[in-house]
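Biologist: I should like to understand how the labels attached to a structural model are justified. Could we take them in turn, setting each value against its cut-off?

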Amino acid sequence: MRPARFYRAVAITFLLLTLVLLGAIFFMSSKQATITVTSKLEPIDLSASIGVGSGMEFPGAVVTSTVTLQKKFSPSGSRTETGVAVGTVTLYNDTSSEQALIPTTRLLTASGTLFRIKSRVSIPAHGTVSAEVYADVVGVESEIGPSDFTIPGLPKDKQKVIYARSTEKMKGGETKIGILTADDLKKAEEQLVSELKGKAQEEMQKLYPDYKGVYSVIQSVTEADSQIGKEISEFSVTGRATVLGVFYDETKIKEKVENDLKKRVVSDSEIVKPRSESPAVVLDKYDLISNTATLTVSYGGVASLNPDSKKLEKFEFFGMGKDEIRRYLLALDHVYSVDVKFSPAWVSTVPHVSDHVFVIVKTIE
């Protein structure tokens, strides 16, 4: 028989080999690498020239609309003058007899504001008549809105059946007086043309409800009813404008520019996404004879590191140290920073086990 010492040596050797094997397994299983890559969004902008209309690349319509408008304005630098508010009321007679009212007949609101009739009137039986009235006192306080009036000069019983009512605000209690300047006139004309454009846009858009439109004033004429240097409280400007409307299918144009944007991808490591907003469209030129137009479409997107890129697959980093990883990743487009962490602390290279390698991609603005 072999001596016991021999078997003990074999057992100890086996135990040591087992411990070494377990240590190796523990060493390999505890080794991990976390690679965090920060990508910065970079804007990409493009523009395209697109033809719209009959026989052009994109369907649409090129039309014009001529509109007119009159608007009142006040000169700048006006001074305020106190006056007497005036207006119009309707007088009602619910009796079977005609009722005459002399000038200065009082009309009184429930709140105590007093007006007077300007001229003699006769209210027919079971009828109405309009009359001009003026406030009993000067000042803006008399510029009241639509109101009901009693006639305190009539007997109490008649006040319930003979009365007055206004439907518009009284005016004139306060008046602004100024001198019309060239700047006043210019601003008024610009505002009027802008409103003419808006009016034409609204009318034309109704004709093409499924299309998006871009508009331009191609002709306008304005005329004021007062001269520069004249002292006035207000002035009117009358205008006439011809507005061009170019209507296009926004969905088709957006599809085109999005496809153009995607073509800007230069490598597998890059991903380009369009911005969510609609393209900016401006009118470049037009031809009313052929009913065509050229639009300039501006669109943008953002480029960043593609987290699904083959260059970020885990096996690419096997055996690499921190400096080597940083050099490799910073050479890729859109990489802003790289952070590498190994564990345990004494590990210095990426393990050759995919389950122990973590690649994280973060994106910042």
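Modeller: Let us begin with a definition: a salt bridge is a side-chain nitrogen of Lys or Arg within 4 Å of a carboxyl oxygen of Asp or Glu. Please keep in mind that this is a predicted model.

Biologist: What makes the contact of Asp-260 and Lys-256 a salt bridge?

Modeller: The distance from N to O is 3.4 Å. The cut-off is 4 Å, so the pair of Asp-260 and Lys-256 qualifies. The two residues are four apart in helix H4 (residues 250-262), and therefore about one helical turn separates them.

Biologist: Why is Lys-256 called partly exposed?

Modeller: Its relative accessible area is 23%. Buried means under 20% and exposed means over 50%, so Lys-256 falls in between.

Biologist: How many salt bridges does the structure hold?

Modeller: There are eight. One of them joins Arg-326 and Asp-323, whose closest N and O atoms are 3.7 Å apart. These residues are three apart in helix H5 (residues 322-330), so they too are separated by about one helical turn. Arg-326 is partly exposed at 28%, whereas Asp-323, at 51%, counts as exposed because the limit is over 50%.

Biologist: How do you know that the salt bridge of Lys-71 and Glu-195 links distant parts of the chain?

Modeller: The closest N and O atoms of Lys-71 and Glu-195 are 3.5 Å apart. Lys-71 belongs to strand S3 (residues 60-73) and Glu-195 to helix H3 (residues 182-207), with their positions 124 residues apart in the chain. Lys-71 is partly exposed, at 26%, and Glu-195 is partly exposed, at 30%.

Biologist: Let us turn to aromatic rings. Why is the pair of Tyr-92 and Tyr-163 called stacked?

Modeller: A search of the whole structure finds six aromatic pairs. In the pair of Tyr-92 and Tyr-163, the centres are 5.2 Å apart and the planes differ by 15°. Centres must lie within 6.5 Å, and planes under 30 degrees apart count as stacked, so both conditions are met. Tyr-92 is in strand S5 (residues 86-93) and Tyr-163 in strand S12 (residues 162-165), 71 residues apart. At 21%, Tyr-92 is partly exposed; at 18%, Tyr-163 is buried. Arg-165 also lies over the face of Tyr-92, at 5.4 Å from the ring centre.

Biologist: What makes the pair of Phe-115 and Phe-149 edge-to-face?

Modeller: Their ring centres are 6.1 Å apart and their planes stand at 80°. The angle is over 60 degrees, so the pair is edge-to-face. Phe-115 lies in strand S8 (residues 114-117) and Phe-149 in strand S11 (residues 148-149), so the pair ties together parts 34 residues apart in sequence. Phe-115 is buried at 0%, and Phe-149 is buried at 2%.

Biologist: Which residues have the most contacts inside the largest nonpolar core?

Modeller: They are Val-52, Val-246, Tyr-248 and Leu-295, in a core of 20 residues. Strand S19 (292-305) is among the elements that each supply at least two residues, and S19 gives the largest share, five residues. A second, separate core has 19 residues, including Val-89 and Ile-123.

Biologist: Why might such cores be expected?

Modeller: In soluble globular proteins, nonpolar side chains tend to be buried together.

Note on methods. Residues numbered from 1 in each chain as written. Predicted model: local features only at pLDDT ≥ 70, side-chain atom pairs only at ≥ 80, totals over all residues. Heavy atoms only, no water. Buried < 20%, exposed > 50% of the residue type's maximum accessible area, 1.4 Å probe, protein only. Lys NZ or Arg CZ within 6 Å of the ring centre and 35° of its normal. Core = buried A, V, L, I, M, F, W, Y, C linked by side-chain atoms within 4.5 Å.
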